[in-house]
Amino acid sequence: MILSSIVFLPLLFALIVAVWPKSNTIRHLALGLSVIEFLLSLALFQQFDPNSAGLQMVEKFMWIERFGIQYFMGIDGISLWLVLLTTFLTPIIILASWTSISERVKGFHVALFVLQTAMLGTFLAMDAIFFYVFWELSLVPMYFMVGIWGGSRRIYATVKFFIYTMAGSVLMLVAIIYMMYLTQEATGQMSASLLDFYKLQIPFVGGTFFSLQTLLFFAFALAFAIKVPVFPLHTWLPDAHVEAPTPGSVILAGVMLKMGTYGFMRWVIPLFPEASEYWAWLFMLIGTVGIIYGALVAMVQPDVKKLVAYSSVSHMGYILLGLFAFNAYGMAGGLYQMLNHGISTGALFILIGMIYERTHSREISKYGGLAGVLPIFTIFFFIITLSSIAVPLTNGFVGEFLILLGTFKAEPVFAYFAISGVVLGAVYMLWMFKRVFFGEQGELVKDEHHPLHDLSAREIAVLVPMVIMVFWMGLFPNHFLNYSKASIDYLVNNRSNYNLTIVEPGATTVQQAQGDN
């Protein structure tokens with residue numbers, strides 16, 4: 001029951017925080033509980049077999065028998081690191097929000113724990129309706145997180161976020177229901193199990209949009225594309241990031257966007273292989289345009305937080321490009337870049353939040369010369385900047401290199417254009433860094449009445465784990481890639497006949513391989 005414990009323990013934590021009588025210790029309590037959750041998630045390594053491509057630690061029983069809806073959870077190499085990314089970031093977010101969230105502190109931590117349950121459930125649910133429940137649940141705490149603790153235009157931003165995401169999700173729900181009826185026609189028993197969906201032979205006719213597989217493909221793909229978000233469905237993201245409090249931006253960029261790219265890997269590509277291959281050019285084109293567009297728009301932003309928000313559009317374009325390359329390099333790079341983006345962009349938003357607390361401004365023109373005033377802050381910001389622009393020996397380099405390698409192998413023309421995003425990324429990040437830290441001192445730095453102070457011990461404690469991950473993932477990528485290799489190889493090699501098996505406790509890798517065959 002380890003998966004259920006990991007998913008639902010944060011709900012119990014939310015309840016504990018909600019009834020906790022001592023308001024002055026809420027933060028300490030929430031931090032301690034989130035660390036417990038992270039340590040529990042590390043126990044997954046004890047039971048996880050990296051050589052198996054099947055679903056492991058499965059928990060499954062009938063929930064609503066009439067409609068074949070099951071309580072069904074499982075984990076494999078695709079979802080493992082996304083679960084650990086979620087549990088890793090949560091205590092960091094709580095520690096980072098120690099002083100920035102000063103009102104309704106209890107409500108904020110309740111919302112954060114509920115959101116953690118929703119995200120973890122999304123990555124582990126193997127029943128379509130069960131998955132959809134978690135997918136939609138994630139909207140509610142994020143809605144309140146931005147709407148209550150956000151900036152001056154928070155209502156506009158949160159309503160826009162909610163409407164965009166909900167619109168795509170409705171089409172996905174229709175497609176799920178239709179596929180449940182397809183399983184009934186094929187087997188005589190209605191089912192919402194993802195493993196049963198994989199066995200369906202859905203008709204596909206190339207050259208026509210109204211093929212059944214194509215329609216279902218786009219119903220799912222639209223929901224996930226909005227969540228990523230891909231160009232041109234990205235317009236909700238900059239508003240949400242700018243108006244969200246720092247913890248909201250970190251959890252949104254760090255984990256929630258990955259729910260969309262995970263959806264492509266887990267649902268779209270294996271469920272609709274012919275449609276995915278036929279329309280791959282479109283999504284590779286969208287990914288490439290997103291890379292260049294996001295970088296160009298980021299380059300002209302006067303607000304440093306909005307610059308990072310548009311950089312997310314660019315970075316997520318790389319992930320989409322890698323996934324639709326349909327080879328092991330691209331897929332592995334796409335999954336690795338999901339983790340990289342969560343670490344690097346999450347750290348950037350934390351750093352921006354720290355300086356915003358001191359100055360109450362994010363305008364690049366009002367800064368300048370920060371390096372002479374905040375040397376420790378400058379060092380951390382520079383390291384994360386190098387990670388964001390994919391400098392070798394950092395995590396970002398490994399992900400982008402694998403993606404570009406996979407893209408060049410699949411469609412060289414997209415790789416030629418996408419590589420320009422690496423150059424543009426360096427331009428806007430280094431130009432911003434130069435102006436903020438080494439430019440002529442701006443009014444905020446010259447303000448003698450409000451002198452800036454360097455990072456506190458708490459703030460350093462927030463950033464050190466992120467920097468460790470930047471170099472660990474950059475120097476020793478196989479420590480991470482090896483755990484997902486079997487699952488990615490199986491997806492690449494069996495995409496047209498994807499049939500995940502359940503690994504029974506105690507089964508050997510040889511037995512599992514025989515089961516796959």
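Guide: A salt bridge is a side-chain nitrogen of Lys or Arg within 4 Å of a carboxyl oxygen of Asp or Glu. This is a predicted model: local features need pLDDT of at least 70, side-chain atom pairs count only at pLDDT 80 or more, and totals for chains, interfaces and linings use all residues. Residues are numbered from 1 along each chain as its sequence is written, and side-chain values use heavy atoms, with hydrogens and water left out.

Visitor: What makes Arg153 and Asp239 a salt bridge?

Guide: Their closest N and O atoms are 3.8 Å apart. The limit is 4 Å, so the pair counts. It links distant parts of the chain: Arg153 is in the loop between helix H7 (139-149) and H8, Asp239 in helix H11 (residues 236-243), 86 residues apart. Helices here are DSSP runs of H or I with at least four residues, strands are E runs with at least two, and both are numbered from the N terminus.

Visitor: How do you know whether Arg153 is buried or exposed?

Guide: Buried means under 20% relative accessible area, exposed over 50%, and partly exposed in between, with a 1.4 Å probe and protein chains only. Arg153 has 41%, so this residue is partly exposed. Asp239 has 12%, which means buried.

Visitor: Which residue in H8 also forms a salt bridge with Asp239?

Guide: Lys160 does, with the closest N and O atoms 3.0 Å apart. Lys160 in helix H8 and Asp239 in helix H11 are 79 residues apart in the chain. At 17% relative accessibility, Lys160 falls under the cut-off and therefore counts as buried.

Visitor: How many salt bridges are there, and what is the distance for Arg362 and Asp303?

Guide: The structure holds 9. The side chains of Arg362 and Asp303 meet at 3.5 Å, N to O. Arg362 is in the loop between helix H16 (328-359) and helix H17 (370-373), and Asp303 in the loop between helix H14 (280-299) and helix H15 (304-323). Both partners are buried. Elsewhere, shared partners join Arg153, Lys160 and Asp239 into one network of salt bridges.

Visitor: Why is Ser249 called buried?

Guide: Its relative accessibility is 0%, so Ser249 is buried. It lies in helix H12 (residues 246-271). Contact means heavy atoms within 4.5 Å. Beyond residues up to four places away in sequence, Ser249 touches His241, Ala244, Gly254, Lys305 and Phe349.

Visitor: What about Met180: buried or exposed?

Guide: At 6% relative accessibility, Met180 is buried. This residue sits in helix H8 (residues 154-187). Its contacts outside the four-place window include Phe67, Ile69, Ile129 and Phe197. Met180 and Ser191 are 11 residues apart in sequence but 5.4 Å apart in space, C-alpha to C-alpha.

Visitor: How do you know that the span of helix H4 agrees with expectation?

Guide: The expected span is 1.5 Å times one less than the number of residues. H4 (residues 80-96) has 17 residues, so 24 Å is expected; its end C-alpha atoms are 25 Å apart, which agrees. As for cover, 17 of its 17 residues are buried.

Visitor: And what does helix H18 reach?

Guide: H18 (residues 375-388) has 14 residues and reaches 20 Å, close to the 20 Å expected. Its buried residues include Phe377, Phe380, Phe381 and Ile384. Among the elements covering them are H15, H16 and helix H21 (420-438). Just after H18, Ala390 takes a positive phi of about 65°.

Visitor: What makes E1 and E2 a strand pair?

Guide: Two strands pair if DSSP finds at least two bridges between them. E1 (residues 56-64) and E2 (residues 69-75) have 6, in the antiparallel sense. Gln56 stands opposite Ile75. The hairpin has 4 residues between the strands, and Gly68 takes a positive phi near 65°.

Visitor: What makes a nonpolar patch, and which residues form one on the surface?

Guide: Patch residues have over 30% relative accessible area and no salt bridge; nonpolar side chains (Val, Leu, Ile, Met, Phe, Trp, Tyr) are joined within 5 Å, like charges within 9 Å. Leu393, Val464, Ile468, Phe471, Trp472, Leu475 and Phe476 form this patch, with about 640 Å² of accessible area together. Leu475, in helix H23 (residues 457-475), has 44% and is therefore partly exposed.

Key: Accessible areas come from the Shrake-Rupley method with a 1.4 Å probe; for residues, only the protein chains shown count as cover.
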